[in-house]
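Student: I would like a close look at a single part of this assembly, and then a walk outward from there. Could you take me through it in one go?

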Amino acid sequence: MTQVLPWAFLVTLPGLVLGSTGVIKKPGVASIPGVLTLLGCAVAWLLGAGQPSTVELGGWLPFLPDGRFLLRVDGLTAFMLAVLGLISACVYVYSLGYLEDDPGIRRFFAFLDVFVGAMALLVTAGNLAVLLIGWTGVGMTSYFLISFWRNRPGTLYAGLQAIAANAVGDGALILAAVVVPSGCGDLTTLQNPACTPGVGGVPLLAALIIVAASAKSAQGPLYFWLPSAMAGPTPISALIHAATMVAAGVYLLARTHALLALSPAAMAATAALGVATALFGGLMALRQSNLKRGLAYSTVSQLGYMVAGIGFGAPFAAILHLGSQALFKALLFLAAGVVIHALAGEEELAGMGALARALPAAMLAFLIGSISLFGLPLTAGAFSKDAILDGGFAYSPPLAWALVAGVLLSGLYMGRLFFATFYGPARAAGVIEGDPIEARGGLVGIAEREALIGTTAAERRHLHRVPPTLTWPLLPLAIGSLVFGFAEFPQGGLGHVLGPVLGPTEAVGLASGPGLVAAFLGLLGFVLAGAYQLRRRGAIRPSAEGYGWVDWASNATTALAGSFAAVQNGRTGRYVLATVLSFAVILIAGLKA
Amino acid sequence: MTLPLVPLICLVAAAVLVVGLAEPLTKRPRTLTAIALAGAVAAALLATNVGGTEALVVYAVAAFLVVTLLLMPAFELQYQQQRPEAVALVLLAGAGAIVLATGGDLLQLIIGMETLSLSSALLVALGHGEAAAEAAFKYFVLAAVSLASLVYGLGLIYLATVSVNFPSAGAPSLLLTTGIVLMITGFAFELALAPLHWGALDAYTAAAPAAAGAVMALSKLGAVVAIVRLAPLGGNSFLFVLAMVGLLTVVWATLGALAQREIRRLLAYSAIAHAGFLAMAAGSGAAGRQAAVFYVIVYGSTAMLVFAALAGLGPRPIAFGELPARLGVQRSLALCFGLMSLAGIPPLPGFWAKLALFGPAWQSLGPVPTMIGIAAAVAAAVYYLKPVPDLWNALRLPSLRATGNAGVVLAGVTVLALTIVPGFLWAMIRL
Amino acid sequence: MLTTVTVLSTSAVLFALGATGVMLRRNPVAMLMCVEIMLNAGNLVLVLGSRAQGNDAGQATALIVLVIAAAEAVVGLGLALVLFRNREPVDVDEPRAVRG
């Protein structure tokens, strides 16, 4: 296992080749053994079968300070690989059913395979050069998958927003890779004094890492791409935009926590950023009318908790919460996907309601995910959130109390989503024009669509069959959301494995004072929101998509670009004039210098 | 450096032969391509007697020529009878690029640059339609102005140093510096730096794709090596000016590209942006100069890949959405990977080239220009990647049967090789 | 009487005149003529250098430059002919199909 695991990024390659070339007839099936192997190997490593190891090929990129091809596996890597393997396996099986009628299903699984490979490379990367490959690779595949349904309006724009935000992070990491002194670049040695950049020093490097992580994990002003990314198929929202890729930012922060610890300003900034984003995400989630976007803002908020945990100096708590969030958020998204699939593409809460009896598995899954999210005691989310709060109180009690308030928000928004989706009167959204069924393709057959035109909204609501491949993957995720917290307990289990990497791990207790308060607030919020939701008469009206400031920035850039392009007006006379004058200017500048 | 005479003779001889036999060869396109390919391949094989960087330049030029010649059947000409002339022009452009890059003295550089510019202008002019003639004329006029600058600069250098050889480093006089600056600005036109890029931009847009790739790749290769050899003699502060001109070019072209909706105009602006990066690299010290040569060869290979994919699509402007339908599986994939490499997505070689340049830039130019350069480089991803989801749609997996275009395959293999072992190319660059 | 400075200034003036002409003229043939003036200014400097230093390389170079200029004129006039064959007025600012 020690020799095998560093090469984890190749595990989906056979599936990719066999699936794309059509050797295996049924799409997607070829890729499943790959992710199961990944899961098995990673878990085996964690249970003791493997030792930390590195793979090194020198002289690969001679123009970088550290241009080796360096892979490293340690406890943190194995944990991330296990999470990746488990969620991917569930999502792969789920996608077999979700996309069974989609003509692009083979392309979908090809992208998924590349994503899993890139994510694996990201977490096994030993130095910045290899990290950059994985980092950009997951960004690319995320973009391709967000804009997967090209015939739907707005998917490309959503994808470009993801590109724009990722570009900021990529730029920061590129700068980090080139400014470190010669020979430096190994992620575990960035905190050495010899590896401090000459200009800017530790604060610069720390700032770059924080910016890169914020872009990937949708923190601070770079949050905007994550709700837009919900334009992609729901399995992608579960795998990439809830559990794995967005967690890569937190992973990077955890990996470089020793560097961050060298700069108290960086730690404070990280903590503040995390807390602010946690609260912001929670408040925005309360205002969403779209089920997936509500969950997306919830992800932003939970990532804020993790980032705050890093800032508090508790990386182990952050990673523990990464695991919990992966499990319960993926569970929530897959359950939402069952609902969306059954309603033939309806994502607005205004089109849901009274589904508990029709979709019991989804309802139960959503409930379990919710209680783990707001942290009912003994669930996974409770343990990990507790650990973060412990770290918070040790660092800065006001910030920690803010996080506790945030738990109330999480209870409120999850309650609202849960009860609006599964209880209350049955609703169906929209009129024929702009009707969701008309605008969306792929999930409703042509004959069905014809039959539906001219019907009223209420008549139209009938539920599609939910294939069993959509419900079985919910089970392992539900179990995980409930019991993952106990992974800490057998002889300090997970803490024992992650300790060498993340420093002394905090004891994860059953419940501490503030933790119990938080759990109570979460439950209170859930119940209150439910009561309010069940009492209200009208439906939650669909609110407009898009955010003012992002659209404004996009339009401003396009206008600016247009003015630059307009300078090239086609007149030869102008060209010559500009050229001669430019010669003169460059000559003068060159002589003055 | 000395001129690699034997490879040059192969190329020129092949060109002369092709033009001399133009009458019969018009009706035998396969023979035509075969003769030209023989010339290019012979040039590469016979370059083994020449040392270091000259050999590298010859190999690179030969590779670009071979890909272009393999695309000749898809070259859209206004008059089909002009096919032999077009082939000859491609070969002569290659010869010009080699002379520009490896010339032993300044006069040879000028001769090489003129051969290259004039051949490029004519290649553009041979394409379909009014736009081609117009773009060729614009490119030509600006080339003429640059030539005048080059000659005047040469004159001043001669006046100052009594020879047309490369001036030796040492205390430069005003005359000498003026001469060097004028010459480098002339080469900067060939490289297509702003604000001298106007003609090149239109030429790259209106040229037939099979020719556009060659024109871009060869002109940049020749110009970069010439600048890299000459620029240090102008002093460190001039190098900084050169790098700043490069930075201006990068920002200008990136913004211009963001407004584009048509693939060839987009690629033309992208060529200008890459020229800017090359200038930044050339102005960043010795490590930067090595990075510049690395970058230009990587860029040339990628440009060949992209234009090989687009060859034969006709002179009409093509919006992004139409691309998948008209390209087919193999060429869509080639275009995808080409665009991603231009955008600088690892592990494709475009990314390695950018990384190679930003390190020296940080050392020599300081934090702010480097950060602006990186920002422009990553922002470029937005416009390069816009067409890509539509191109992936063209993949009707599992049909990966090749649609048989040797030029695309060769270019693809080159890019793939540079992805996996960039160090190999890096080691070959000894300046 | 012909000192280096005099000749150099003359060539600079010629160069500037040619440059101004190329910027301001709209007729393609006139532009090319102005470019020829600029090129000849460069030739003048080469010949000056040859005289000032007693070396013949400058004059030889000037002859080669004349050949290059001639070749360029051929290409330029050919391109101008193709472009402006059917256009009236013959104005370089007129063809504007490629822009943006």
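Student: Taking helix α4(B), how many of its 19 residues are buried?

Tutor: Happy to. Please keep in mind throughout that this is a predicted model.

In α4(B), 15 of the 19 residues are buried, so the helix is mostly covered, taking buried as under 20% relative accessible area. This helix runs over residues 52-70 of chain B, and its end C-alpha atoms lie 27 Å apart. That agrees with the 27 Å its 19 residues should span at 1.5 Å a residue. Chain A offers a helix to set beside it: α3(A), residues 75-98, has 24 residues and reaches 34 Å from first C-alpha to last, close to the expected 34 Å. It too is mostly covered, with 22 of its 24 residues buried.

From the helix we can move to the loops of chain B. The loop between α8 (174-191) and α9 holds B:Pro195, which is joined to B:Ala194 by a cis peptide bond with omega of about -10 degrees. B:Ala192 lies in the loop between α8 and α9 as well. Its phi is near 75 degrees, a positive value in a residue other than glycine, and B:Ala192 is buried, with a relative accessible area of 0%. Further along, a second cis peptide bond joins B:Pro346 and B:Pro347, with omega about 0 degrees; B:Pro347 sits in the loop between α14 (323-343) and α15 (349-365). Chain A has a positive phi to look at too: A:Ala218 is not a glycine, yet its phi is about 55 degrees. A:Ala218 is found in the loop between α7 (201-216) and α8 (225-228) of chain A, and at 0% relative accessibility it counts as buried.

Now for the neighbours of chain B, beginning with chain A. The contact involves 69 residues of chain B and 57 residues of chain A. Together the two chains bury about 5400 Å², with 81% of that on carbon and sulfur atoms. B:Trp198, B:Leu355 and B:Trp362 give 12% of the area that chain B buries here, more than any other three residues. Between these chains there is 1 salt bridge, and it pairs the side chains of B:Asp390 and A:Arg150 at 3.0 Å, N to O. There are also 8 residue pairs in polar contact across this interface, both residues being at pLDDT 80 or more.

On the chain C side, 39 residues of chain B are in contact with 45 residues of chain C. The buried area is about 3300 Å², and carbon and sulfur atoms give 78% of it. Here B:Phe137, B:Tyr152 and B:Tyr158 supply 22% of the area that chain B buries against chain C, more than any other three residues. This interface has 1 salt bridge, formed by the side chains of C:Arg87 and B:Glu130 at 2.6 Å, N to O. Polar contacts link 10 residue pairs, again with both at pLDDT 80 or more. Elements of chain B giving two or more residues to this side are α6 (106-125), α7 (129-161), α9 (198-206) and α12 (263-282). The largest share, 22 residues, comes from α7(B).

A last word on cysteines: the count of disulfides over all chains is 0. In chain B, B:Cys10 counts as buried at 17% relative accessibility, and B:Cys336 is buried at 0%.

Key: Residues are numbered from 1 along each chain as its sequence is written. Chains are lettered from A and ligands numbered from 1 in the order in which they are written. This is a predicted model: local features need pLDDT of at least 70, side-chain atom pairs count only at pLDDT 80 or more; totals for chains, interfaces and linings use all residues. Side-chain values use heavy atoms; hydrogens and water are left out. A disulfide is a pair of cysteine sulfur atoms within 2.5 Å. Buried means under 20% relative accessible area, exposed over 50%, partly exposed in between (1.4 Å probe, protein chains only). Helices (H or I, at least four residues) and strands (E, at least two) are DSSP runs, numbered from the N terminus. The expected span of a helix is 1.5 Å times one less than its number of residues. Contact means heavy atoms within 4.5 Å. Buried area is the accessible area (1.4 Å probe) that two parts lose on being put together, summed over both. A salt bridge is a side-chain nitrogen of Lys or Arg within 4 Å of a carboxyl oxygen of Asp or Glu. A polar contact is a pair of N or O atoms within 3.5 Å; within protein, one must be able to donate a hydrogen and the other to accept it, and residues adjacent in sequence count only if both atoms are side-chain atoms.
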